[in-house]
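Ready for some practice with a structure on your screen? Take the exercises below one at a time, and try each task before reading its solution.

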Amino acid sequence: MSHEVFNRVAEAYDAARPGYPGDLYDALADLSSVPLAGATVADVGAGTGISTRGLLDRGARVVAVDPGERMLARLVARTHSPRAVVGDGNALPLRSGSADLVCYAQAWHWLRPEESIQEALRVVRPGGAVAAWWNTLDLGAGSAGWLVAHEMRLAESCPGYWGPALPEWHMPPIAAVMAEAGLGVREAWVHWTREVGVDDFLLDLRSHSYVAAMEGDAVDRLVARLRAGLAEVFPGGRLRVPMRVYLAVAPRADG
Ligand SMILES: C[S@@+](CC[C@H](N)C(=O)[O-])C[C@H]1O[C@@H](n2cnc3c(N)ncnc32)[C@H](O)[C@@H]1O
């Protein structure tokens, strides 16, 4: 079960995963036509609360839902006035029509596609919206050569790797599933730069499910190899990482 993998790496996840840029939350409000201040938001797959706190900071009332008890325990410990429920995004423990937004930050790919969207549509009120987003490294044209080389090293060493170094890699197909459900879909890419120390960058890596699933000391050997590659480019240990966030939003039309 995916949430058990995350439970094992909850501390690394919480300490080192990046947040989302302010422009992402602005785009979410624009594309959904739901102002975040005062909105009731179901943050599904809330994990340790990175997305939950971003939404709370913008004035939303957030219910965090996740099946991972250790992830949610971190959320509760780190969040001011948290509302957190252990639950499954395919069968939300929330009343019909109770949310202005149902959001999945870095999480929808763990759910059953059609079932989860139908469930979100049950929970979101008319005039509200369903939204999902994913932070990813930006390996597009003009990206830093060091980042491409780093990600290629990771792809070679990690059997379960799934990411932008693979030609077949793609964003989860939520836009297609939303369209099949009869929804109009709005998409955006939000570009930003992450400034991070090398230790946090590598700790973040340990929280990715395909790294967390590796056995024995394979992770330590992988991290040592990647650290050596990064040290050649950043002897001072401070990285500027090109990032981009993919956002898909489907307003519920019968509002
Ligand atoms: C990559 S984390 C995202 C956490 C957080 N939203 C963020 O932005 O950092 C994915 C989360 O999805 C959760 N998850 C896995 N299966 C799920 C399910 N069936 N329903 C809801 N959440 C699930 C995992 O437990 C994990 O906390």
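**Exercise 1: helices on the sheet**

Task: find which strands helix 5 lies across, and its angle to strand 3.

Solution. Helix 5 (residues 69-78) lies across strand 2 (61-66) and strand 3, where contact means heavy atoms within 4.5 Å. Helix 5 runs at about 170° to strand 3; axes are lines fitted to C-alpha atoms, for helices over the stretch in contact, and angles run from 0 to 180 degrees between N-to-C directions. Helices (H or I, at least four residues) and strands (E, at least two) are DSSP runs, numbered from the N terminus. Next, look at helix 9 (residues 198-206), which lies across strand 6 and strand 7 at about 130° to strand 6.

A word on the source: this is a predicted model, in which local features need pLDDT of at least 70 and side-chain atom pairs count only at pLDDT 80 or more, while totals for chains, interfaces and linings use all residues. Residues are numbered from 1 along each chain as its sequence is written, and side-chain values use heavy atoms, with hydrogens and water left out.

**Exercise 2: the sheet**

Task: work out the strand order, and why one side of strand 3 and of strand 6 has no neighbour in the sheet.

Solution. Start with the order: seven strands form an open, mixed sheet, 3-2-1-4-5-7-6; two strands pair if DSSP finds at least two bridges between them. Strand 3 (84-86) and strand 6 (186-197) are at the edges with a single partner strand each, so one side of each lacks a neighbour in the sheet. Then follow strand 6 to strand 7 (residues 238-251): they pair in the antiparallel sense over 12 bridges. One example is Ala-188, whose bridge partner in strand 7 is Leu-247.

**Exercise 3: the ligand**

Task: identify polar partners of the ligand's nitrogen and oxygen atoms.

Solution. Begin with the backbone: a polar atom of Gly-45 there is 2.8 Å from a ligand nitrogen. Now turn to side chains: a polar atom of Asp-66 lies 2.6 Å from a ligand oxygen, and an N or O atom of Asp-88 is 2.9 Å from a ligand nitrogen.

Terms used:
Polar contact = N/O pair within 3.5 Å; in protein donor to acceptor, adjacent residues only side chain to side chain.
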